[in-house]
Amino acid sequence: MYNNPIIPGFNPDPSIIRVHSDFFLVSSSFEYFAAAPIYHSTDLIQWSLIGHALTRSSQIQIHTPEPGGGVWATTIRYHQGVFYVIAASFERYRPQDDDRVWPRGFYVQTENIWDSTSWSDPVFFDQVGFDQDLFWDDDGTVHLSSTHRKLNRTAGSHLKDFAIHICTIDLETGDSTSEPRLIRESASGVAEGSHILKRGKYYYLFTAEGGTESGHSEWVSRSEAGPFGPWELGPHNPLWRNGTDDEVQNTGHADLVEDADGRWWAVLLGVRPTRKEGYWEESVLGRETFLVPVEWENDWPVFNGGQKIGLQSTGPELYPFQLPVFWRDDFSSPDLQLGWYRKNTPVKVDYSLSERPNYLRLYGGPYNLSTPTCPTLFLRKQTHRSCIWETRLSFHPTSDKTEAGTVVWWNYFTYSSIGIRLFSGKRIIRFRSAEGNVVEHELNTQSDVIFFIECGENYRFGFKEASNETQWVGQVSNRTMTKAPPVGAPFTGMMLGLYAFGELQRCLVPADFEHAEFHS
């Protein structure tokens, strides 16, 4: 028996490989930087973040995309001693108006996956689309599959017509060497998340279908001829079906791996909504990474014994494990801990870990948290529904146009913050809810302020000065915090973080954070 998800919090669209006794996994990062997080495990149960494939502005430029834009559905592959991460980044994503710019995909490569600085600059493909996958055939031919809209639309329908296309490429240049061919479309109008593998005499095409919401599912096809097909649909598609009354929902977008003992496994995304009286409350954690065993019957894969995906599953040599409800950064290292994220690619260094040792010093930039560009904002993924976020801040503003504090972040349309400002020459606490309501409290001392955010049935915001009692100033419901944006899509999960900003001006006074932590 083991527990799902294996990687909790915002980690959708997982892709996995094994190299010797090591498993490596990547997930989507969307509008956040560093991009393409890489996790490592030796037993498929306990995973550690070891780095990111996209850490430099020469590799990725994410600037002012809508929520849900940026880097989609990274794939990780290993071939002849080289690791590859394949990705695409949406610079314009407005599904409400059916307005998208199909991105060019690209890959980066390294021979040392443990060193995030070793990843190459991108090699771009000719073929546009998202959810790219590379497959090396036995003769060395490299195939690129990706998803984009069919050129010949389905007549008389309102389907998205997102379908899987494939071509061969010159790996060194990324140039296409064949015409793209449509190899899979879905009656649902969405076939995406393609992964191709070969086992025995068959090539297998795995596709996520129905969209990543409640209709999400995983399908399989196989071919004896090759990646261009013809493809034969599996006899039991979809491979499983979780519905809107199940404890895990929206499941799909799978990738497979074979362990050292010849057993097969699949990683996939799912969400864990919370059952309320008469309805399901959307999960604040977003789409997470799940693991299921895969068996083969008559050369067809059977996922999880053909059963629905749940919060517990069984597999040989696996064991129960729950990620502890504790994490802390006391900013004592010369570099930020892994797992801090910026919204978009920063264009300027606006922080220091050395100017005041054992503090994270932020120099707030000229953008507040409601702007779609990159504010001075450092975020971490929420991995437990019930927890407490805490930080300690030293900030003495000299302008009433500046602020520093802590935030619960969904996107730049929906966030709730609590911070220190100046008003009529005095320091105040300002709480701003996601609905836009503002509550202010005058501070009585010049001491540091400790902020608390209780996460659970809702988000509750408090602060205290020195040794004083905690004052609770407001709360925001989970439903409010997970509101869909008016443009873009809510593809990510809740994050909590630290910020400083000036209103169209730099904050000349630094904001010093002594620690940040999650605890129970």
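Of the 520 residues in this chain, 60% count as buried. Keep in mind as you turn the structure around that this is a predicted model. The chain holds one helix and 42 strands, so strands are what you will be following for most of this tour, counting DSSP runs of at least two residues as strands. The C-alpha atoms fill a box of roughly 75 × 50 × 50 Å along the principal axes. How does the radius of gyration fit with a compact globule? For 520 residues such a globule would come out near 24 Å, and the chain has 23 Å, which agrees.

Contacts and surface fill in the overall picture. Among contacts in the chain with a separation of 6 or more, 59% are between residues 24 or more positions apart. On the outside, the chain exposes about 20,600 Å², and carbon and sulfur atoms supply 47% of that area.

Now let's go to the places a biochemist may want to see. The UniProt record, an unreviewed entry, lists Asp13 and Glu192 under "active site". These two are spread over 180 residues of sequence, yet they cluster in space, with a largest C-alpha distance of 10.8 Å. Such an annotation may be inferred rather than shown by experiment.

Start with Asp13, which you will find in the loop between strand S1 (2-3) and strand S2 (15-19). Is Asp13 buried or exposed? Its relative accessible area is 6%, and because buried means under 20%, Asp13 counts as buried. Who surrounds it? Leaving aside neighbours within four places in sequence, Asp13 is in contact with Val26, Ser27, Ser28, Phe30, Ala73, Thr74, His253, Leu269 and Arg287. One of these partners deserves a second look: the side chains of Asp13 and Ser28 are joined by a polar contact of 2.6 Å.

Move on to Glu192, which lies in strand S17 (residues 191-199). Glu192 is buried too, with a relative accessible area of 10%. Not counting residues up to four places away in sequence, Glu192 touches Phe130, Asp131, Thr147, Ile164, Thr207, Ala208, Gly211 and Thr212.

Next come some details of the backbone. Most residues other than glycine have a negative phi, and most peptide bonds are trans. With that in mind, which peptide bond involving Pro5 is cis? The cis bond joins Asn4 and Pro5, with omega about 0 degrees, and Pro5 is found in the loop between S1 and S2. That loop between S1 and S2 is also where Asp13 sits. Another cis bond runs from Asn237 to Pro238, with omega near -10 degrees. Pro238 has its place in the loop between strand S20 (232-233) and strand S21 (249-258).

Phi angles give you two further stops. His20 has a positive phi of about 60 degrees although it is not a glycine. You can locate His20 in the loop between S2 and strand S3 (22-26), where it is exposed, with a relative accessible area of 64%. Thr64 also has a positive phi, near 55 degrees, in a residue other than glycine. Thr64 lies in the loop between strand S6 (48-54) and strand S7 (70-79). At 39% relative accessibility, Thr64 counts as partly exposed, because this value falls between the 20% limit for buried and the 50% limit for exposed.

Note on methods: Residues numbered from 1 in each chain as written. Predicted model: local features only at pLDDT ≥ 70, side-chain atom pairs only at ≥ 80, totals over all residues. Heavy atoms only, no water. Helix = DSSP H or I, 4+ residues; strand = E, 2+ residues; numbered from the N terminus. Buried < 20%, exposed > 50% of the residue type's maximum accessible area, 1.4 Å probe, protein only. Contact = heavy atoms within 4.5 Å. Polar contact = N/O pair within 3.5 Å; in protein donor to acceptor, adjacent residues only side chain to side chain. Rg over C-alpha atoms; globule rule 2.2 N^0.38 Å. Areas by Shrake-Rupley, 256 points an atom, 1.4 Å probe, with all protein chains shown as cover.
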